[in-house]
Amino acid sequence: MASLQSLKVSLRNEANALSRQELSDNEYSVGFNILMEDLEWQTYQKFIVPQLSQLLASLFKSRFRIAILEIGPGPRSILEYLPDHQKDRIRKYAAFEPNAVFASRLEERLCNTGEREERCPLPRLEGQADIRTEPFVLDSSVRSVSDRGTTVFREKFDVVLFCHSMYGMKPKEDFIRLAIGLLVERMEGSMVVVFHRDDTVRFDGLVCHWTASYPAGVVRVPDDDEKLEKFASFITGFTLRSVVASKAICASWRKVCRTLGAREPGHLNHLSFSSPHMMAVFTRHATALLELTARVPTMKAIGKMKSREARLRRPACVVKPTTIPHLQECVRWAVKYGLNLSVIGGGHSDHCIQNHVVAVDMSAFDRIHKLELENCTKASSLDADVGALITAEAGCMTGNIVSRAMAAGLAVPMGARPSVGAGLWLQGGIGHLARLHGLACDAIIGAIVVSVDSGCVLCVGYVPMQHIPTGAVHSENDINLLWAMKGAGTNFGIVVSVTFKAYTAPLYSIQSLAVSPSDELALQLRLREFAEIAGNDDRTSSADAFLYREASQLRLGVTMFASPTTEITIATPKPIEDTWGLENNSEIVDGVELFDAEMYVSGMHAGTGEAKTSSFKRCLFLKDVGDAKIVGHLATAVKTCPSSLCYIHLLQGGGAVCDVAAEATAFGCRDWDFACVITGVWRRDCDGTRIAQSAVQWVYDVAQTLLPWSCGTYGADLGPGSRDAALAAKAFGPNRQRLAHLKHSLDPHNVLAYACPLLKPTTNPKLIILVTGESGSGKDYCANLWVSSLKECTCGIVTARASSISDAVKREYASATGADLTRLLNDRAYKEQHRAALTAFFQDQVKRQPGLPEEQFLSVVQNAEGVDVLLITGMRDVALVTNLSPLVPDRKVLQVHVQASVQTRRTRGALRDEDRVDDDDHHIGPHSINLDYRPNLIFDNDTSGSGAAEQFARNRLLPLVQDGPQRLANMVRAVPNFPRPGMEFQHILGISQQPGGLDLCVSLLQAQFTGDWATVDAVACCEVGGLVYASALATRVALPLVLIREAGKLPTPTVSVAKLPSHISSLASDGQQKRIEIEQDVLGQGANVLVVDDVLSTGETLCAVLDLLEKAGIDHKDVSVMTVAEFPIHRGRQLLHNRGFGRVSVHSLLVFDGV
């Protein structure tokens, strides 16, 4: 599909300059209407209006009323399509519209000069809109609102908007400078906004505050002679003087349009042209570039760019810092002026260069160092198979590191391409050692980073002393920052160097085979055989598969890798050869030779590795590549690829990749068998042509098709554009919310705005209540009633909302089956008819998307911004708080189970008379035995009327949202660099040292206890952490205090158990196992005990306490736990559940994000 720009060039070449005549206003208007009558308007809806609305939303945070000057708005201002609440804030409007036809229509709409009785689209204007029927030019004054003929504007503007109106303005940067001069002074946030169809437009010498693109724009024109002539005339910008010449040239124009235009399926009577759009936003700091280039070296020409998209972009400038102070200058400049930076490493990322943004080339930082373990102070804590440490600077390529390490007999688990740079190591790095040693990011133990907040040089994790720059400091957020570096490191600072674990270098035995499956069924069989052979437990072997097309034939290529030893006697991997009956062609290579032995270099398409090609790729993670539906999609993808060079690459995972917990590093997508890399390839001389555009679109189409079957996406390739939005939503697994908060904390100025997009952190809701129960128990009714009660009890101060998580499933089910969505959402009887099918549909979705429940939960939470309390219904009865609280670690999550008797549920129509259900089957009593977890609260909803539910809201829910917990949280002091450098310690015990702190804490413990105080026999605590609060609570409620202490500190006889170190003690001490004990007869058999502690983190201490109480004769069903603070990210509740203590009631007053 040709672009409008290439169409314009071709059309102009058909007419000589002497025959051209400027379009009249009416002719221009006709052509404009043809342009806008079809798909072009969709671009406005999908890109222009949302982007403009988002920009204005940020502006409204700093001012109540705004004034806008629009240049060339056409017959209708784009502002009319903004949300009403934004239009109401526009108080002044002026415009330059040189087309008299357009100006007349615009004035009629905005100034009420016609016979229209409609409401003015900008209803809060203070005075008339000022519409000028004249061009916005450099050599004339900008005239006054009050006297249009003599003076300049007396009022400045908050926004100057060019919406497709810069065509013909040259040089464009001078017009931007003129517009910047019209912005309000002394107020941050005023901006010049440009929307333009040509995404290669230049603004030399200026720097964008923000830029975005929409490459998917398409214009569709009817294949009609008259309309094509008028459209061609509009695109060229002129008509023809001579009637005779006009006929001939118009015929040529029609031919050009039909030659270049694409006829899309379903629209064969139309011609389609690509119309990529860009947005550029400038502030009054757009001219600040000279200040940076005076201090930091620059590059006249951009170095090698592997990414075709990056090659086509035009940065404002490329700086090449040679020292760390240069990098600090870049950051401080960007922060000072509210501008962004992009970073160039290996040049593979599509987003390392952005239009009109300063790019930082890291190629000068290219040193590699080796450290022997005997010189490493951290050696004792490293894995036994680690041979040394390698420190590589961020300008190094993977091939450089592999070569240098191999020369020393070492290997660092890296990616499979020698030319990739630091961006890949920091965001994953999937190579042939991944099954044995993990991803590249898993080998990272430290880094030197320039903070994009302060500009300081940070030493993160462990870096050998000799490689720590002078003046570097340990980050106050060291643990979180190192965690983020391992999978999302391009988002949080400019990385200078990375320190890796290195292992003994292996030799590799490689065997490559290729077959031609006759059909889809044969391909499925081959892929299943391949998956079975690859799926052995031998971590020293791995396998790749390539799906491609050769001579119009589907081909499946397989490469088996084995690296069990460094000896040349290495065994070759024979199973695939034996299974497929093909000749063995194995060879022995080292880590450097391995790059050239890759099938995509040496085996496909007769070895295209040396050819000049461009490529574009996206990567998803798959489990069962032999699944019939996945095979069908893969086969269709290869059959329909627009270039014979395109291919799909399956890289094996598992092994050490899966050993790392999803939450242990930022790289949260761990549970996959194969990484599926969809690669569009075309010859370099086809850049910018229909072939290249089709290959990119093919990649996205295949990715979108496979996305429902994937268990995550690879964030390394993704950027902030709208095309990547759906893929980015599935990157980072369960870590997206934590990463969003870290991004907000560590890059508050959004300096690194063009890295893989993260969620925007939400500050609300602070309390999430999961309302569960059987069908007919009344959970939705109760949730809505509790929302009303909380608002009423707090006089509207507390905002609350009830949302059903199952609504999304119902929408998809209705779409797939044709069921009536409105009735599914609102008609109980109709919903019950579909319940079994709905359940089966949901289970099938979860099977294909194992993380679907978590994604739905996060989606509901993210859509509740501005709400204090969110009640969620429609969740399945599983250990919800245990599983979901780590996903939102800074929010309090609790579960309220609504139950009703079978008779009540039958009365409500949820059960039919023929349904046989024992009355106790779904009724949770205080000592229920049918669940392996316990909800935080239980509400019996058998009584009629709303009284009981309202009382429950007042007595149980209201205390959770009153100001006591927030006052308590404000008393917790954060202590940096304790108990070790780089860690921030939340001083929970310090509450007792604050005036009124102990009394407030104890009163909240008493008020928020979810059990019955009358049944509690004793309060127990373990050492000083719990003693402070437990003793005060025991006194208040007049119960005995039972002490649990380290072994040897209580008189005999005692009962004792082993206790692993807690999270903090393991960091502050030697981490040795200890024993805790309790006096033997201090508690009677069957006693009901409340355990009080200061913190729930990893759960090791609490598990030991529960083990001890059980050994002392106390059944854990008779134990409740209350803690002052909880750190959900450590999954302490998960440990309790795994150890068999899921039915213990656990309640925490406060929750904190982080470690």
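Me: What makes helix α25 (residues 779-793) a helix that lies across strands?

Reply: In this predicted model, helix α25 has heavy atoms within 4.5 Å of a strand wherever contact is claimed. The strands concerned are β30 (767-772), β31, β32 (869-873), β33 and β34. The direction of α25 makes about 170 degrees with that of β32. Since angles run from 0 to 180 degrees between N-to-C directions, that value puts α25 and β32 close to opposite directions.

Me: Which other helix packs on this sheet?

Reply: Helix α33 (residues 947-961) does, with contacts to β30, β32, β33 and β34. Its direction is at about 165 degrees to that of β34.

Me: Why are β31 (800-804) and β34 (937-940) said to stand at the edges?

Reply: The strand order is β31-β32-β30-β33-β34, in an open sheet with parallel pairing. β31 and β34 each have a single partner strand, so one side of each has no neighbour in the sheet. From one strand to the next the twist averages 25 degrees.

Me: What makes β33 (residues 892-899) and β34 a pair?

Reply: A pair needs at least two bridges. β33 and β34 have 4 bridges, in the parallel sense, therefore they meet the requirement. Within this pairing, Val-896 has Leu-937 of β34 as its bridge partner.

Me: Why is Asn-735 called buried?

Reply: Buried means under 20% relative accessible area. Asn-735 has 1% relative accessibility, so the label buried applies. Asn-735 is in the loop between α23 (725-728) and α24 (736-746). Beyond residues up to four places away in sequence, Asn-735 touches Trp-483, Ala-662, Glu-663, Thr-665, Ala-666, Phe-667 and Gly-668.

Me: Which residues have the most contacts inside the largest nonpolar core?

Reply: They are Trp-333, Trp-425, Phe-492 and Ile-648, in a core of 134 residues. Helix α22 (residues 690-706) gives the most to this core, with 9 residues. Another core, of 60 residues, lies apart from it, with Leu-4, Leu-11, Ile-68 and Tyr-93 among its members.

Me: What is Trp-425 in contact with, leaving aside its neighbours within four places in sequence?

Reply: Its contacts include Ala-392, Cys-396, Ile-401, Met-414, Val-498 and Phe-500. Glu-393 and Thr-398 are also among them.

Me: What makes the contact of helix α35 with helix α36 nonpolar, polar or charged, by class?

Reply: The contact has 9 nonpolar, 2 polar and 2 charged residues. Among the residues that meet are Leu-998, Cys-1001, Val-1002 and Leu-1005 in α35, and Val-1028, Ala-1032 and Leu-1033 in α36. The axes of α35 (residues 997-1008) and α36 (residues 1023-1037) come within 9 Å and cross at roughly 65 degrees. The crossing is right-handed.

Me: Which strands do α35 and α36 lie across?

Reply: α35 lies across β41, β42 (1119-1126) and β43, at about 140 degrees to β43. α36 lies across β37, β38 (1041-1046), β41 and β42, at about 160 degrees to β37.

Me: What makes β39 (1054-1059) and β43 (1145-1151) edge strands?

Reply: Each of β39 and β43 pairs on one side only. Their open sheet has 7 strands in the order β39-β40-β38-β37-β41-β42-β43, with mixed pairing.

Me: What makes β37 (residues 1018-1022) and β41 (residues 1089-1096) a pair?

Reply: β37 and β41 run parallel and are joined by 4 bridges, and at least two are required, so they count as paired. Ala-1018 stands opposite Val-1089 in β41.

Methods. Residues are numbered from 1 along each chain as its sequence is written. This is a predicted model: local features need pLDDT of at least 70, side-chain atom pairs count only at pLDDT 80 or more; totals for chains, interfaces and linings use all residues. Side-chain values use heavy atoms; hydrogens and water are left out. A nonpolar core is a set of buried Ala, Val, Leu, Ile, Met, Phe, Trp, Tyr and Cys residues joined through side-chain atoms within 4.5 Å. Buried means under 20% relative accessible area, exposed over 50%, partly exposed in between (1.4 Å probe, protein chains only). A crossing is left-handed if the near helix is turned anticlockwise from the far one by less than a right angle, and right-handed if clockwise. Ala, Val, Leu, Ile, Met, Phe, Trp, Tyr, Cys and Pro count as nonpolar, Asp, Glu, Lys and Arg as charged, and the others, Gly among them, as polar.
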